[in-house]
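Morning, everyone. I have one structure to go through, and I will keep to the side chains.

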Amino acid sequence: MSMNQWQQQAKSALKGVQQSNDFFNTQAFTQAKFPIKIPLQYASLIDTNNPNDPLLRQVIPQVSASDSKYSLSPLNDESNSPVDGLIHKYPNRVLLIASQVCAIHCQYCFRQNFDYSQHDAISNWPAIEQYIRNHAEINEVILSGGDPLSLSDQKLEKLIKNIENFEHVTTLRIHSRSMVVIPSRITEYLIKIIAKTRLNVVLVTHINHANELSTEFCENIAKIENATLLNQSVLLNGVNDDLDSLKSLSLALFDAGILPYYLHMLDKVSGAENYEVSDEKALKLHQQLQSQLSGYLVPKLVRDSGLDSKTWLL
Ligand code: SF4
């Protein structure tokens, strides 16, 4: 089968220290435990003359894992997994690890050490199907990963059809960063899949800075019908931990038809120390946002205490 444009773009992403240093004309990239991966569309949004560019900072390894004081797996995902590839923490919803692959490697990612080999929802579908059938209280299925939009449209369509077969499931949530870092991932086919499913669709983008919202992304996301569009961000030191950046992000998201939903505190994964923002600073920023933006533009400030669970900071 021939590759779609987005698949070719995913394949041509910058990988490794040498390629990245050459592209950005820097020596700032160093060997990392979480291998470097940067789609060229995302790289093209970076100001190569600015070593502190907020997009660049998200993909440069910060602290080597061996020097890190943080944990390899801060949220202990595996403990809420009754069946491989499925996480069940709250009665009404389950999360499926639909893909092991991401379009970009975010160096603050809390799942960078997750053992995906044991958690693939597609290869373990018979057991997952049985589990969801036996739990009539589940009305929402969340596709996560990795990035579920790393799957081909055909595989995604098949998975969604399988989920539609559960009569008690009414809502499908898809968490994805692919759409913003490779905007051609929003294919006509994907738009059709979303438009025709009987499920209520919630698309949750992962965007941390207004500079990530390219013209192509905004044009493509505007074509999606029949879905609620929400965004989650991570509050990251040197990326978006100032009032102007957070305000610009909320306004740019709203212009693109997306509501700011969550602003996550950093999960303390090994190597991510330099991204940490103190609780005190986060609370102050959030209060300032509340005083300067309409309520629907202010994301909820949260700290994850386990997969898909939130501890409210406010
Ligand atoms: S896209 Fe999401 S899951 Fe993938 S590396 Fe980035 S934060 Fe982690």
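I will take the aromatic pairs, then a surface patch, then one histidine.

This is a predicted model, so to speak of local features we need pLDDT of at least 70, side-chain atom pairs count only at pLDDT 80 or more, and totals for chains, interfaces and linings use all residues. Residues are numbered from 1 along each chain as its sequence is written, and side-chain values use heavy atoms, with hydrogens and water left out.

Aromatic pairs, then. A pair of aromatic rings is described by the distance of the centres and the angle of the planes. Here, rings of Phe, Tyr and Trp (its six-membered ring) pair if their centres lie within 6.5 Å; planes under 30 degrees apart are stacked, over 60 edge-to-face, and the rest tilted. The structure holds six such pairs. One of them is Trp-125 with Phe-166: the centres are 6.1 Å apart and the planes stand at 45 degrees, so this pair is tilted. The two are 41 residues apart and link distant parts of the chain, with Trp-125 in helix 5 (residues 125-133) and Phe-166 in the loop between helix 6 (153-164) and strand 6 (171-176). Helices (H or I, at least four residues) and strands (E, at least two) are DSSP runs, numbered from the N terminus. Is Phe-166 buried or exposed? Phe-166 is buried, at 0% relative accessibility, and Trp-125 is buried at 10%. Buried means under 20% relative accessible area, exposed over 50%, and partly exposed in between, with a 1.4 Å probe and protein chains only.

Phe-254 and Tyr-296 form another tilted pair, with centres 5.4 Å apart and planes at 45 degrees. Phe-254 sits in helix 10 (residues 243-255), and Tyr-296 in the loop between helix 11 (279-292) and strand 10 (300-306). Both rings are partly exposed, Phe-254 at 40% and Tyr-296 at 47%.

That brings me to the patch. Together with Leu-259, these two make a nonpolar surface patch of about 290 Å². Patch residues have over 30% relative accessible area and no salt bridge (a side-chain nitrogen of Lys or Arg within 4 Å of a carboxyl oxygen of Asp or Glu); like charges are joined within 9 Å, and nonpolar side chains (Val, Leu, Ile, Met, Phe, Trp, Tyr) within 5 Å. Areas come from the Shrake-Rupley method with a 1.4 Å probe. Leu-259, in strand 9 (residues 259-264), is partly exposed at 32%.

Last, the histidine. His-209 lies in the loop between strand 7 (200-206) and helix 9 (215-221) and is buried, at 10%.
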